[in-house]
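Please look at the sequence and the structure that follow, and keep both in view while reading. The report after them moves from strands to helices and then to charged pairs.

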Amino acid sequence: MSKIAADLANATESEFPLVGALPDGSRSTVRIGDVALGDERFVVIAGPCAVENREQIELTARWVHEHGGSILRGGAYKPRTSPYSFQGLGAEGVELLRRASMKAGIPFVTEVLSPADVDELSPRVDAFQVGTRNMHNFALLDALGRQSKPVMLKRGFGATLREWILAAEYIARGGNDQIVLCERGIRAFGEETRFVLDIAGALWVREHTRLPVIVDPSHATGVPSLVSPLCRAALAAGLDGAMVELHPDPTTALSDADQALRFEEFEALMDGLAPIATAVGRRL
C-alpha cells in the first residue's frame, strides 16, 4: 500500500487526511530540482511574470542564481484578465525557461492551465504552478495528482483557507504529495494595494498542514517597495519562502510591469534577508 493510500485508510475524522498536520509535528519536504522547501532554508523564487525572449530570461536566470535566489520562475502560458493582454509564448516559452535554467544551474517553476498539457509538460519542467484562477480547476488538480512533479498551489484570491487546503487534497488524492502552498493575496476593500497578503492565514495553514508554505508579495501588493519588507516579515514569522517578480527593465515588461523588481532591488532584497535568516536560525 502506498503512503498516500495508507494515510487515507488511517484517516477517520481528519478534515485534511492527506496534507493535514501530522501528530508528531513532522513536516513534508518538497524538492524542486535540487532545492528543498520545508526545512530550515528560506527559499527565494524569482523571475519575470512572463517569458518574453531568450535574452530576457537567460539574463534574469543568471542574476537570480548569482544573487542568492534558489529557483527561477517564469510564465509561458498566461491567464490574463483581458483577452487582449499578452498571453505568453506557450511551448516556446517553456523551452526558453528550460534552457535558461540549465545554463544558470537553477531549477524553474512555470504555470500550467489545462489538464491536457500536464503530461506533455511534465518531462520538460521542474515544477508546476497552479495560479489563483485555477485553484478550483478540479480537473487540473486531478491531472497534477496523477504525475510526480512538484506542484506550487496558489491560493485563490477569493478562497478561504480551508478551500485552499482542500484543493491540495485533490492533488494528494491522486498520489502526488509534493505540494507547496503559496499565499498570493486575497481580495479586500481598498485600492492602495492590489490585494492583501494574508500572512496570518499563511501561518494558520502552515500550522494545520504538513506542507511548505510560501508567500508571493509581488502579486499581493502590486507595489515593488512593499515586496522586500513583506519577504522579511515572512522569514521572521517562520514561513518557508517567497516568490517575487523580477525583470531586467520593468518599464518594458509585457506583463505586470508595475510590480516587478529591478535587478538592483532584488540584490537589496537578498541582502536584507541575510541578517534576519541568521537571527532566526535559518539559511537562504
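Strand β3 (residues 43-47) and strand β10 (residues 241-245) pair in the parallel sense over 5 bridges, where two strands count as paired if DSSP finds at least two bridges between them. The strands and helices named here are DSSP runs, numbered from the N terminus, with helices (H or I) having at least four residues and strands (E) at least two. Within this pairing, Val 43 stands opposite Gly 241 of β10, and Ile 45 has Met 243 as its bridge partner in β10. Strand β9 (residues 213-215) is also joined to β10, by 2 bridges and again in parallel, with Val 215 opposite Ala 242.

The model is predicted, so local features need a pLDDT of at least 70 and side-chain atom pairs count only at pLDDT 80 or more, whereas totals for chains, interfaces and linings use all residues. Residues are numbered from 1 along each chain as its sequence is written, and side-chain values use heavy atoms, with hydrogens and water left out.

These strands belong to a closed barrel of 8 strands with parallel pairing, which runs β3-β4-β5-β6-β7-β8-β9-β10. From one strand to the next, the twist averages 25 degrees.

Is β10 buried or exposed? Because 5 of the 5 residues of β10 are buried, this strand is largely enclosed by the rest of the structure; buried means under 20% relative accessible area, exposed means over 50%, and partly exposed lies in between (1.4 Å probe, protein chains only). In a regular strand the side chains alternate between the two faces of the sheet. Both faces of β10 are covered, with Gly 241, Met 243 and Glu 245 buried on one side and Ala 242 and Val 244 buried on the other.

Turning to the helices, the axes of α2 (residues 54-66) and α3 (residues 91-104) come within 9 Å and cross at roughly 35 degrees. Such axes are lines fitted to C-alpha atoms, for helices over the stretch in contact, and the angles run from 0 to 180 degrees between N-to-C directions. The contact (heavy atoms within 4.5 Å) involves Arg 54, Ile 57, Glu 58, Ala 61, Arg 62 and His 65 of α2, together with Leu 96, Leu 97, Ala 100, Lys 103 and Ala 104 of α3. Helix α3 also lies across β4 (71-73) and β5 (108-111), running at about 170 degrees to β5.

A salt bridge is a side-chain nitrogen of Lys or Arg within 4 Å of a carboxyl oxygen of Asp or Glu, and by this rule the count comes to 15. The table lists some of them.

| Salt bridge | Closest N to O |
|---|---|
| Glu 15 and Arg 162 | 2.8 Å |
| Arg 54 and Glu 55 | 3.1 Å |
| Arg 206 and Asp 240 | 2.9 Å |

Arg 206 lies in helix α7 (residues 199-208) and Asp 240 in the loop between α9 (224-237) and β10, so this pair ties together parts that are 34 residues apart in sequence. Both Arg 206 and Asp 240 are buried. Elsewhere, salt bridges that share partners join Arg 54, Glu 55, Glu 58 and Lys 103 into one network. In that network, Arg 54 counts as partly exposed at 42% relative accessibility, and Glu 55 is likewise partly exposed, with a relative accessible area of 47%.
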